[in-house]
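User: Hey, can you walk me through this model? I'm new to this, so plain words please.

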Amino acid sequence: MSKTINENVIDEINVKELWENTLVDIELSISKANFSTWFKDTHIIKVENGIAYLSVQNEFVKDWLSNKYHKLILKILRDFIGSIRGVEYTIKKDIGKEVVAEEEHKIGVNINKELPLTDFYINKDDNLNPRYTFENFVVGPFNELAHAAAQAVVGKPGIVYNPLFIYGGTGHGKTHLIQSVGNQLKKRNPDTKVFYTTSEKFAIDYINAVRSNKVNTLFKEKYRKYDVLIIDDIQFLSNMEKTREELFHLFNALYDNNKQIIFSSDTHPNMIPNLEDRLKSRFSAGMIIDVPTPDHESRMAIIKSKSLQNKFIIDDEVVDYLALTIKGNIRELEGILNSIICQSQLKDKALTLNDVKALIKNNIKPKKSISVKDVIKQVADFYQIDESVIYKKTRVTEVVKPRQLIMYILREDFHVSYPTIGQKLGGRDHTTVIHSCEKIKKDLKVDSGLVKEVDQIRAMLS
Ligand code: ADP
Ligand code: MG
């Protein structure tokens, strides 16, 4: 995105504009729920000596922003004003260190009661995604230990490995595995009270309870009734002291009652910063298992299994090439495979190795945060039109459709506001944007070709 703000004049109005522009880009980079939770009611107070002073509602938000989003905030601010060197977070009203109810309740940031998880079809009672099962989980040398432990937990929940602590890099299959345990246990006995959550959502739940003075009633009661509690990505609690304390007590309560607890993290508990010894030792009481980078054979097996699931015939040569090229992240492997399947369906023929190579070349770039420009570029590339015509006034069909699709994707997937979309696409009125999005929605209901195209564009953006 181009710099729109004059670096020399950072007066009050510009500060407001700077933050508004920054928020637009942040909104595109993170989930809607996180955006509305953490960035609501944030303001830049001033920019002085290269430091942007950001006002936030409370300590909790301050911690969260400075620990989780600092890099992103700084990067985007610097995109606009290169001379910004740092961000200081200040609390709007000094309400003390404690995250305490009453007053905060009045001025609080109105954290979403429910932080929606992204998939539609997850079960509301347990948050489990039925897609994650043992049946479609490929076991290979890299994950066989973790898989065996997970199976053992299914066999004797609360008894053998408690807690089960799975750690490993992004896309190694941790979420899939720990949710499979939940799904399997429910399948075996539908009365089992399973609950899956992420540590983020757990923290939000806690803070909401604190804010509404319902820790003892609502929060404790809720979490202590589960037979199986699964908390994903626990590393995010590394700067959430209060939440960790609550987790500690919850852990003890569940553990003492032989309830199964399952955690995942991106690192070994000993490597999670700030984690108290008492929590580390609780984790070590069970089983801590690493899911390392998948080995070549396993990557091949995963590609084959996913192709089969999609009833897609894939050449061994292509499988081998993919497994060689895309190392580590299974999510990425899935993304590329989806693109191949889509392309092949679109072209109505099998892709050659060269086609696949070309496709990968265009798609494997380090995925940073996606900007409006990325979406425009991807869609323009897909329809093989020049990116610049998207911004022009032209109404030829070849351009109108991609332009409408861009609007639709920006709105549906990235939750950009209608006026912002209009502004970013060459200064169009927001009613035009609304009309375009509605048009695509309507077309998608009747045009299966369009559905495939959108799927593929989405796969390429993911
Ligand atoms: P993590 O939680 O470690 O980041 P995920 O569990 O989200 O990784 O896995 C990323 C994607 O890869 C998911 O779509 C998941 O279904 C798939 N996946 C991961 N491991 C396997 C596996 N062993 N077999 C089949 N699919 C897998
Ligand atoms: Mg995960």
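**Confidence and odd backbone spots**

Analyst: Sure. Residues 94-120 have pLDDT under 50 throughout (pLDDT is the predictor's confidence in each residue, from 0 to 100), and the model gives them 46 contacts beyond four places in sequence (a contact means C-beta atoms, placed from the backbone, within 7 Å). This is a predicted model: local features need pLDDT of at least 70, side-chain atom pairs count only at pLDDT 80 or more, and totals for chains, interfaces and linings use all residues. Residues are numbered from 1 along each chain as its sequence is written, while chains are lettered from A and ligands numbered from 1 in the order written.

User: How should I treat low pLDDT?

Analyst: Don't read the predicted coordinates in detail there.

User: And what's the mean pLDDT of the chain?

Analyst: The mean is 85, and 89% of the residues reach 70 or more.

User: New topic: where's the cis peptide bond?

Analyst: Between asparagine 162 and proline 163, with omega about 0 degrees. Proline 163 sits in the loop between helix H5 (144-155) and strand E4 (164-168). Helices (H or I, at least four residues) and strands (E, at least two) are DSSP runs, numbered from the N terminus.

User: What's the phi of asparagine 258?

Analyst: Near 55 degrees, which is positive in a non-glycine residue. Most residues other than glycine have a negative phi.

User: Is asparagine 258 buried or exposed?

Analyst: Exposed, because asparagine 258 has 12 C-beta neighbours inside 10 Å. The cut-offs are 20 or more other C-beta atoms within 10 Å for buried, 12 or fewer for exposed, and partly exposed in between, with C-beta atoms placed from the backbone.

Key. Contact = placed C-beta atoms within 7 Å.
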